[in-house]
Amino acid sequence: MVSVIANSVALSRPFKLSAQKAPFIPFSELQRIKQLEYRLIDELEGCNSVAYLKKIHASLVRKCLHESSFMIAKLLRTMSKLNVTMNSYGDSVFSQVRYPNAFLYTALIRGYLIDGKEGLTPLSFTFCALLKASASKMNVDFGRQLHAESLKLGRFSEDMLVSNVLIDMYLNCGRLDWGRKEFDEMPDRDMISWTTLINAYAKAGDMDSASELFSRLPVKDVVAWTAMVTGFVQNAKAKEALEYFEAMQNAGIQLGSAKCADWVMNLADNSPFSPATDVHLGSALIDMSSKCGSIEEAYKVFNSMQEKNVYAYSSMITIELFEEMVTTSDVKPNLVTLMAVLTACSHGGLVSKGQHFFNTMESSHGIKPCIVLYTCMADLLSRSGQLQEALDLIKSMPMEPNASIWGAILGACRKHLDPDVAEVAVRNLFELEPWNVGNYILLADIYAKAERWEDVLNVKKLMKQKGLRKSPGFSCVEGENGAIHRFYAGDTNHPRSYQIKETLENLADKLKIERYKPDMSCVVHDISDEEKRKILMNHSEKLALAYVLVTSEDGSGIRIVKNLRICEDCHLFMCCVSKLTSRKIVVRDNMRFHLFLMDLVLALTFGETSI
């Protein structure tokens with residue numbers, strides 16, 4: 001009965017996307033609307049009669065909030081509390097919302113479920129299906145109600161399947177603490193229970209808790225080891241990643257690692273198998289090298305291959321290689337190939353070429369447009385400054401836009417300084433991923449560049465209200481004897497701090513000749529230019545760069561890993577220093593690899609190669 005109700009409600013009302021231009025609403029107006037919504041929510045929570053409910057509904061209509069998915073979802077929940085059936089009043093209210101979101105659908109489905117209770121005893125699969133739906137819509141309130149229902153029935157508290165899905169639901173909804181509580185209360189746990197929570201702690205950056213859980217794990221398989229090694233890598237803890245990798249090998253668990261890239265290359269060169277004759281080995285080596293930022297090595301392997309398949313081209317794709325692939329070879333491109341070539345067009349500013357590839361991909365290659373390719377196109381248009389065209393593309397899509405596509409728009413607004421379009425993007429992002437602190441930081445950066453300091457403060461206040469904090473930025477480099485050195489912004493605790501500071505001051509003096517000027521807009525504080533310059537010069541990646549210049553041989557390459565996105569000023573600084581010192585510098589931030597080689601600058605997103 002549950003699935004019948006859910007399917008009938010959801011399928012009878014397809015999601016719709018407005019074909020009209022997204023209206024611009026200033027950030028201050030958004031705050032006023034939110035305050036009004038919170039006042040009406042307080043009234044709904046105190047509502048104890050249908051007559052009073054209708055008065056609140058009338059207020060919603062008068063205030064033009066009768067099409068707000070957020071407010072109507074609250075209204076439907078109050079109806080359920082007052083035993084108002086969905087088939088009459090609730091359905092009528094729902095139908096007034098032109099573009100309902102996932103949360104509103106959930107509220108309506110929940111209302112129908114409450115209307116249709118007939119004393120049937122649900123199975124564990126019933127709860128699992130509903131909990132997964134709650135997780136996909138990030139509706140933790142509905143998930144908690146389902147959790148409470150399962151406890152009331154009494155026979156699911158020891159059901160491992162339900163408990164595992166509960167943990168996953170809480171984690172997807174951003175409640176790691178509740179997921180851990182459910183884990184701790186489980187009488188029995190399987191490998192899924194352990195690794196799900198370990199992965200969650202790793203993604204949250206809490207490797208201490210992940211390590212504590214891992215140490216208690218009775219049997220450690222390849223999945224658990226992989227979760228730990230990957231977690232340390234993603235959190236820029238290279239030393240710990242290597243220690244766990246070596247411990248994994250000592251335990252008899254075999255697994256490849258980015259750290260072993262050079263070993264794998266050497267092994268391939270000295271084995272009977274060669275990438276020149278083995279197309280599968282060649283494709284794998286290209287993919288491995290490009291993901292490690294070794295573009296020259298990847299290109300060397302590609303050129304040595306006597307036969308190339310779609311995976312080799314996709315791993316090493318450039319515009320010229322793509323055109324060679326479709327005109328001179330029998331290899332047909334696939335979705336990954338198109339993603340790579342559109343990304344290459346985006347980074348190269350080749351808008352017309354990218355539009356041509358996108359418009360002809362179905363007729364020429366049989367590849368239908370999907371959300372991933374639309375995201376590539378939105379990035380291509382917005383990155384080139386065509387922000388309105390990117391919005392028009394989103395509105396023409398046959399599917400709902402996701403957080404990735406709005407994130408591409410928001411990132412371009414920072415580059416082209418368009419706070420108006422940024423506010424359109426963040427309205428959607430705040431609804432799709434309200435927990436993502438990066439969107440708030442990016443919006444504050446855009447306001448700061450536009451010198452809208454009051455709006456910067458408003459964003460910071462909103463973050464504080466939501467309990468969101470920016471992760472501290474740090475950069476890591478490998479020093480003498482293989483030791484990993486971590487630097488935070490303004491760090492003065494390193495034993496070589498004096499030499500690092502002196503090196504940066506010397507670089508700053510020399511770079512003035514190269515016409516380097518600090519990008520003050522990268523500092524989101526209303527302070528003097530001199531104070532901004534000091535802050536910029538003490539960014540973690542600059543400190544890491546100076547340390548390597550102090551301790552390494554002249555001419556050697558420099559590799560820096562940063563846990564956050566590199567700012568525009570540090571990007572320009574690395575470019576100038578590479579030219580000044582004739583050194584190759586590779587910076588891996590949380591988005592992509594950045595290669596600086598004298599006058600050449602490349603950006604390589606994880607998993608794709610763009611030259």
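User: Which helix holds both Arg533 and Glu530, and how many residues apart are they?
Analyst: Both lie in helix H29, residues 529-537, and they are 3 residues apart, about one turn of the helix. Helices here are DSSP runs of H or I with at least four residues, strands are runs of E with at least two, and both are numbered from the N terminus. This is a predicted model, in which local features need pLDDT of at least 70 and side-chain atom pairs count only at pLDDT 80 or more, while totals for chains, interfaces and linings use all residues. Residues are numbered from 1 along each chain as its sequence is written, and side-chain values use heavy atoms, with hydrogens and water left out.

User: In what do the side chains of Arg533 and Glu530 meet?
Analyst: In a salt bridge, with 3.3 Å from N to O. The term means a side-chain nitrogen of Lys or Arg within 4 Å of a carboxyl oxygen of Asp or Glu.

User: Does exposure come into it: what does Arg533 count as, and what does Glu530 count as?
Analyst: Arg533 is partly exposed at 31% relative accessibility, and Glu530 is partly exposed at 41%. Buried means under 20% relative accessible area, exposed means over 50%, and partly exposed is in between, using a 1.4 Å probe and protein chains only.

User: And which residues of H29 are buried?
Analyst: Lys532, Leu536 and Met537. Seen down the axis of H29, these buried residues fall within an arc of 130°, so they line one face of the helix. The arc is taken from the directions from the helix axis to the C-beta atoms.

User: What do the buried residues of H29 pack against?
Analyst: They pack against H27, helix H28 (497-513), helix H30 (540-551) and H31. A contact is heavy atoms within 4.5 Å.

User: Back to charges. How many salt bridges does the count come to?
Analyst: The count comes to 17. One of the salt bridges joins Arg414 and Glu568, whose closest N and O atoms are 3.4 Å apart. Arg414 is in helix H24 (residues 403-416) and Glu568 is in helix H31 (residues 568-581), so this pair ties together parts that are 154 residues apart in sequence.

User: Is that one buried or exposed: what does Arg414 count as, and Glu568?
Analyst: Arg414 is buried, at 12% relative accessibility, and Glu568 is partly exposed, at 27%.

User: What does Arg452 form a salt bridge with?
Analyst: Its partner is Glu423, with the closest N and O atoms 3.2 Å apart. Arg452 sits in the loop between helix H26 (437-449) and helix H27 (453-466), and Glu423 sits in helix H25 (residues 419-432), so the pair ties together parts 29 residues apart in sequence. Glu423 is buried, at 0% relative accessibility, whereas Arg452 is partly exposed at 25%.

User: Which residues are linked in a network of salt bridges?
Analyst: Arg180, Asp184, Glu212 and Arg216.

User: Switching to rings. How many aromatic pairs are there?
Analyst: There are 11. Rings of Phe, Tyr and Trp (its six-membered ring) pair if their centres lie within 6.5 Å; planes under 30 degrees apart count as stacked, over 60 as edge-to-face and the rest as tilted. Phe214, Trp225, Phe232 and Tyr244 are linked into a cluster by ring pairs.

User: What lies over the face of Phe214?
Analyst: Lys220, at 5.3 Å from the ring centre. Elsewhere, the charged end of Arg175 sits over the ring of Trp178, 3.8 Å from its centre. The rule asks for NZ of Lys or CZ of Arg within 6 Å of the ring centre and within 35 degrees of the ring normal.

User: Backbone next. What is phi of Asn83 near, and of Leu417?
Analyst: Phi of Asn83 is near 60°, and phi of Leu417 is near 50°. Both values are positive in a residue other than glycine. Most residues other than glycine have a negative phi.

User: Where is Asn83 found, and Leu417?
Analyst: Asn83 is in the loop between helix H4 (69-81) and helix H5 (86-95), and Asn83 is exposed at 67% relative accessibility. Leu417 is in the loop between H24 and H25, and Leu417 is partly exposed, with a relative accessible area of 40%.

User: Last one: what does the secondary structure of the protein come to?
Analyst: It comes to 31 helices and 6 strands. Of the 611 residues, 46% count as buried.
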